[in-house]
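Visitor: I should like to learn how the surroundings of a bound ligand are read from a model. Could we work through one case together?

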Amino acid sequence: MKNRIIVALDMKGLDNIFKIVDKLGDNAVWYKVGAVNFTAYSYKLTDFIHEKNKKLFLDLKYHDIPNTVKEAVYSACEIGVDMLTIHSVGGIDMMMAAKDAVKRFEDEYSKKGPTILAVTVLTSSTKETIKRDMFLDIDVEDMVLKLADNAKKANIDGLVASPKETQLLRKEFGDYFTIVTPGIRPKNASKDDQKRVTTPKDAIKMGSDYIVVGRPIYASDNPVESFNMIVKEMEETC
Ligand code: C5P
């Protein structure tokens with residue numbers, strides 16, 4: 001189960017990040033680096049994760065013209081990223097360009113490229129903000145399903161989805177996608193600024209392949225114990 005936990009490295013300060021990764025040692029396998037810390041620390045951070053033989057999820061949510069996304073994804077492949085995100089609202093051509101980049105990398109280097117995950121509707125969006133900002137009168141769930149269908153048409157490997165969406169997506173697409181779920185809080189943990197949270201056990205039951213957990217691990221007094229408690233909760237589903 002520990003292979004299914006992705007620890008989000010969102011804390012401030014490179015030294016603090018290094019300390020947590022060292023503390024978690026052999027327990028954690030996957031780490032997620034987002035826009036804030038990749039912008040601040042770039043290769044210093046990604047090189048460190050590789051030196052520790054950990055898997056790297058680069059969560060930069062690419063959204064641009066297809067050629068730019070293709071070249072960005074190719075660069076991510078060369079860094080040695082294992083999983084990365086793009087925005088499905090960038091369109092089918094953009095998503096196909098991202099997949100083309102992975103194929104080019106795999107052909108040139110004869111090794112497996114990263115899993116590409118598409119983000120559908122950000123959890124910060126609502127029916128109202130979609131109407132106001134994108135001029136679309138559509139229910140969030142409907143939009144999630146339509147964007148996931150586009151991702152499938154573009155041959156995208158997986159999706160980032162809330163637990164509620166995960167159930168919906170599993171019903172519609174079965175096991176087709178790898179599903180990665182943030183917004184996870186172990187039993188009794190603080191919700192922080194997350195509005196809708198799910199326990200590790202429920203996320204797995206609802207069909208997530210991987211869960212993303214940040215503050216409940218890195219902001220804990222005992223990150224190793226917190227990590228192992230999450231593994232234990234996930235194992236309750238077996
Ligand atoms: O600290 P916490 O566990 O809330 O961190 C969750 C991580 O997942 C953060 O990196 C956050 O940006 C990311 N995320 C999220 N909700 C989404 C998409 C990504 O919390 N819908």
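**Reading a ligand site**

Guide: In this predicted model, a polar side-chain atom of Thr123 lies 2.8 Å from a nitrogen atom of the ligand. A pair of N or O atoms within 3.5 Å is read as a polar contact.

Visitor: Which residues have a polar side-chain atom or a backbone N or O atom at a short listed distance from an oxygen atom of the ligand?

Guide: Asp10 places a polar side-chain atom 2.6 Å from a ligand oxygen atom. Arg215 instead uses a backbone N or O atom, 2.8 Å from an oxygen atom of the ligand. Overall, the protein covers 81% of the 470 Å² of accessible area that the ligand has on its own.

Visitor: Where does the ligand sit, and which elements give two or more residues to the shell around it?

Guide: The ligand occupies the largest pocket. Strand S8 (210–213) and helix H9 (215–218) are the elements that each give two or more residues to the shell. Among the surrounding residues are Ala8, Lys32, Pro182, Arg185 and Gln194.

Visitor: How many residues of each class does the shell have?

Guide: The shell comprises 5 nonpolar, 3 polar and 4 charged residues.

Visitor: Turning to another residue, is Thr85 buried or exposed?

Guide: A residue is called buried under 20% relative accessible area. Thr85 has a value of 0%, so Thr85 is buried. This residue belongs to strand S4 (residues 83–87). A polar atom of the Thr85 side chain lies 3.0 Å from the backbone nitrogen of Lys61.

Note on methods:
Residues are numbered from 1 along each chain as its sequence is written. This is a predicted model: local features need pLDDT of at least 70, side-chain atom pairs count only at pLDDT 80 or more; totals for chains, interfaces and linings use all residues. Side-chain values use heavy atoms; hydrogens and water are left out. A residue is near a molecule or strand if one of its heavy atoms lies within 4 Å of it. A polar contact is a pair of N or O atoms within 3.5 Å; within protein, one must be able to donate a hydrogen and the other to accept it, and residues adjacent in sequence count only if both atoms are side-chain atoms. Accessible areas come from the Shrake-Rupley method with a 1.4 Å probe; for residues, only the protein chains shown count as cover. On a 1 Å grid over the protein atoms alone, a cavity is a set of points where a 1.4 Å probe fits but cannot get out, and a pocket is an open set with protein on both sides within 12 Å along at least five of seven lines; lining residues have an atom within 4 Å of a point. A molecule sits in a cavity or pocket if more than half of its atoms lie within 2 Å of its grid points. Helices (H or I, at least four residues) and strands (E, at least two) are DSSP runs, numbered from the N terminus. Ala, Val, Leu, Ile, Met, Phe, Trp, Tyr, Cys and Pro count as nonpolar, Asp, Glu, Lys and Arg as charged, and the others, Gly among them, as polar. Buried means under 20% relative accessible area, exposed over 50%, partly exposed in between (1.4 Å probe, protein chains only).
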